[in-house]
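Here's a quick briefing to read alongside the model. Have the sequence and the 3D view open as you go.

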Amino acid sequence: MNAISLLTQDHRNVEQLFTRFEQAESAEEKRSITDKVIEQLSVHAEIEEQFFYPAVAAKLEERGEVLEAVEEHHLAKVALWELERLPSSAPNFDAKFTVMKENILHHVSEEEGADGIFQRARKVLKANELDDLGDRMQRARVSVPSRPHPLAPPTPPLNRLLGLPVSILDRAVTTTKGLVRATVPALRR
């Protein structure tokens with residue numbers, strides 16, 4: 001699969017979750033949707049940082065746009081990290097989600113824009129390179145962190161070295177949280 005198509009589909013999936021959040025009526029439903037957003041955006045950011053951004057940056061003379069995208073990811077991870085820990089019954093939960101959403105939508109519009117990094121990638125990477133990159137990114141989804149880690153290194157090689165052990169830990173934490181929420185009604189929110 002083409003790398004840009006893969007990342008664009010991720011954007012559309014998260015936008016659908018944003019819409020579902022706006023339509024949600026209960027704190028429990030908002031928590032469930034937020035957890036999905038956190039997981040999807042965490043995986044998306046990791047595959048971009050580990051594969052896509054380095055591949056594009058290697059072909060560009062000016063890398064400022066890639067550096068800006070990595071910084072936007074960092075701020076998104078901070079917001080996701082805070083949302084992960086904030087009960088959906090907290091008075092500022094919806095506001096924090098909305099601010100995170102607005103930042104993500106800004107980031108997406110920059111990446112997908114006429115002068116964005118996706119357009120630049122189309123210019124500097126051949127079709128077969130984008131396909132190979134997309135295949136590697138798709139395979140990596142199962143081995144990258146699925147929770148936000150704002151203090152983790154955002155660039156190779158350290159993010160790739162730490163990715164698998166952190167991914168295993170993330171999945172264990174996510175499973176444990178799900179079990180606890182399922183058995184302790186007060187923690188569902």
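What follows covers one helix, the nonpolar cores and one histidine.

Keep in mind that this is a predicted model. Helix H1 runs over residues 3–23, and its buried residues pack against H2, H4, H5 and H6. H2 also gives the largest nonpolar core its biggest share, seven residues.

**Helix H1**
- With 21 residues, H1 reaches 31 Å from first C-alpha to last, close to the 30 Å expected at 1.5 Å a residue.
- Its buried residues include Leu-6, Asp-10, His-11, Val-14, Leu-17 and Phe-21.
- The buried residues of H1 sit on the same side of the helix because they cover an arc of only 165° around the axis.
- Over on the other side of H1, you'll find Gln-16 and Gln-23 exposed.
- The N-terminal end of H1 is capped by Asn-2, with a side-chain oxygen 2.7 Å from the backbone nitrogen of Ile-4.

**Nonpolar cores**
- The largest core has 24 residues, and Phe-52, Tyr-53 and Leu-133 are among those with the most contacts inside it.
- H1, H2, H3, H5 and H6 each chip in at least two residues of this core.
- Sequence neighbours within four places aside, Leu-133 touches Ala-3, Phe-51, Phe-52, Ala-55 and Leu-125.
- There's also a second, separate core of 20 residues, and Leu-17, Ala-24, Ile-33 and Val-108 are among its members.

**His-73**
- His-73 lies in helix H3, residues 64–85.
- At 5% relative accessibility, His-73 counts as buried.
- Beyond four places in sequence, its contacts are Ala-45, Glu-48, Glu-49, Tyr-53, His-107 and Glu-111.

Note on methods: Residues are numbered from 1 along each chain as its sequence is written. This is a predicted model: local features need pLDDT of at least 70, side-chain atom pairs count only at pLDDT 80 or more; totals for chains, interfaces and linings use all residues. Side-chain values use heavy atoms; hydrogens and water are left out. Helices (H or I, at least four residues) and strands (E, at least two) are DSSP runs, numbered from the N terminus. Buried means under 20% relative accessible area, exposed over 50%, partly exposed in between (1.4 Å probe, protein chains only). Contact means heavy atoms within 4.5 Å. The expected span of a helix is 1.5 Å times one less than its number of residues. The arc is that of the directions from the helix axis to the C-beta atoms. A polar contact is a pair of N or O atoms within 3.5 Å; within protein, one must be able to donate a hydrogen and the other to accept it, and residues adjacent in sequence count only if both atoms are side-chain atoms. A nonpolar core is a set of buried Ala, Val, Leu, Ile, Met, Phe, Trp, Tyr and Cys residues joined through side-chain atoms within 4.5 Å.
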